Amino acid sequence: MAVDTCFTTSFKSSPILLSLKRFYNRPRPQVLAKKLGLDLTFFPLKTAETPSYPSGHSTQGRLAAKLIADEVPFEHKRNILDIGTRIGHSRQIAGAHYQSDTEFGHKLGDEFYRLATTSKEPELKLED
């Protein structure tokens, strides 16, 4: 698998992510904090304009890391996978996501990876 496959797979997952974000329509932490009159420190991000759940960065980070880890020497796999996980967590630190956004994003990334590397049908149900 080359970088092209990683890019194509991530690109194909984007419409699914956007559909899920629109379905759940969870407000970002800073939006909810403002409505509740809470003072929340967050980093202004241009990539935080869609609903919060699930985290697209967590999904794409996990997916890309797993696809790349398949191609690197064994001694680098753990670091690549760790970077994929940290992408999602960094969005929580920035105040753009809740922990559950990141957790669901990781599950989606795992499922997209499974689908990209097998010919099986999806196992992750909307209820999950």
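## Close-up views of a five-helix chain

**Figure 1. The whole chain reads α-α-α-α-α from start to end.** Welcome to a predicted model, in which the chain holds 5 helices and 0 strands. Of its 128 residues, 36% count as buried. For anyone who likes contact statistics, take the contacts between residues at least 6 apart in sequence: 69% of them join residues at least 24 apart. The accessible surface comes to about 8,300 Å², and carbon and sulfur atoms account for 60% of that area.

**Figure 2. Nine residues build the largest nonpolar core.** Here you can pick out Leu17, Leu20, Tyr53, Leu63, Leu67, Phe104, Leu108, Phe112 and Tyr113. Which elements give two or more residues to this core? They are helix 1 (3–24), helix 3 (56–69) and helix 5 (99–117). Helix 5 supplies the largest share, with 4 residues.

**Figure 3. Leu17 and the residues it touches.** Let us zoom in on one member of that core, Leu17. Leaving aside residues up to four places away in sequence, Leu17 touches Pro54, Gly56, Thr59, Gln60 and Leu108. One of these contacts, Leu108, belongs to the largest nonpolar core as well.

**Figure 4. A salt bridge joins Asp110 to Lys66.** The two side chains meet at 3.1 Å, taken from N to O. Where in the chain do Asp110 and Lys66 sit? Asp110 lies in helix 5 and Lys66 in helix 3, so numbered that 44 residues separate them, and the pair links distant parts of the chain. Asp110 counts as partly exposed because its relative accessibility is 26%, a value in the band between 20% and 50%. Lys66 is likewise partly exposed, at 22% relative accessibility.

**Figure 5. Glu111 and Arg114 pair up within helix 5.** The closest N and O atoms of this salt bridge are 2.8 Å apart. The partners are 3 residues apart, about one turn of the helix. Are Glu111 and Arg114 buried or exposed? Both are buried. Elsewhere, salt bridges that share partners join Arg62, Lys66 and Asp110 into one network, so the bridge of Figure 4 can be viewed together with Arg62. The structure holds 5 salt bridges in total.

**Figure 6. Asp82 and Arg86 form a salt bridge within helix 4.** In this view, the closest N and O atoms are 2.7 Å apart. Both residues lie in helix 4 (residues 74–93), and they are 4 residues apart, about one turn of the helix. What does the accessibility of each partner look like? At 33% relative accessibility, Asp82 is partly exposed. Arg86 counts as exposed because its value is 54%, and exposed means over 50%.

**Figure 7. Three leucines make a nonpolar surface patch.** Leu32, Leu36 and Leu38 together form this patch, which covers about 290 Å². Leu38 sits in the loop between helix 2 (29–36) and helix 3. Why does Leu38 count as exposed? Its relative accessibility is 54%, which is over the 50% cut-off.

Note on methods
Residues numbered from 1 in each chain as written. Predicted model: local features only at pLDDT ≥ 70, side-chain atom pairs only at ≥ 80, totals over all residues. Heavy atoms only, no water. Core = buried A, V, L, I, M, F, W, Y, C linked by side-chain atoms within 4.5 Å. Buried < 20%, exposed > 50% of the residue type's maximum accessible area, 1.4 Å probe, protein only. Contact = heavy atoms within 4.5 Å. Areas by Shrake-Rupley, 256 points an atom, 1.4 Å probe, with all protein chains shown as cover. Patch = residues over 30% accessible without salt bridge, like charges linked within 9 Å, V, L, I, M, F, W, Y side chains within 5 Å.
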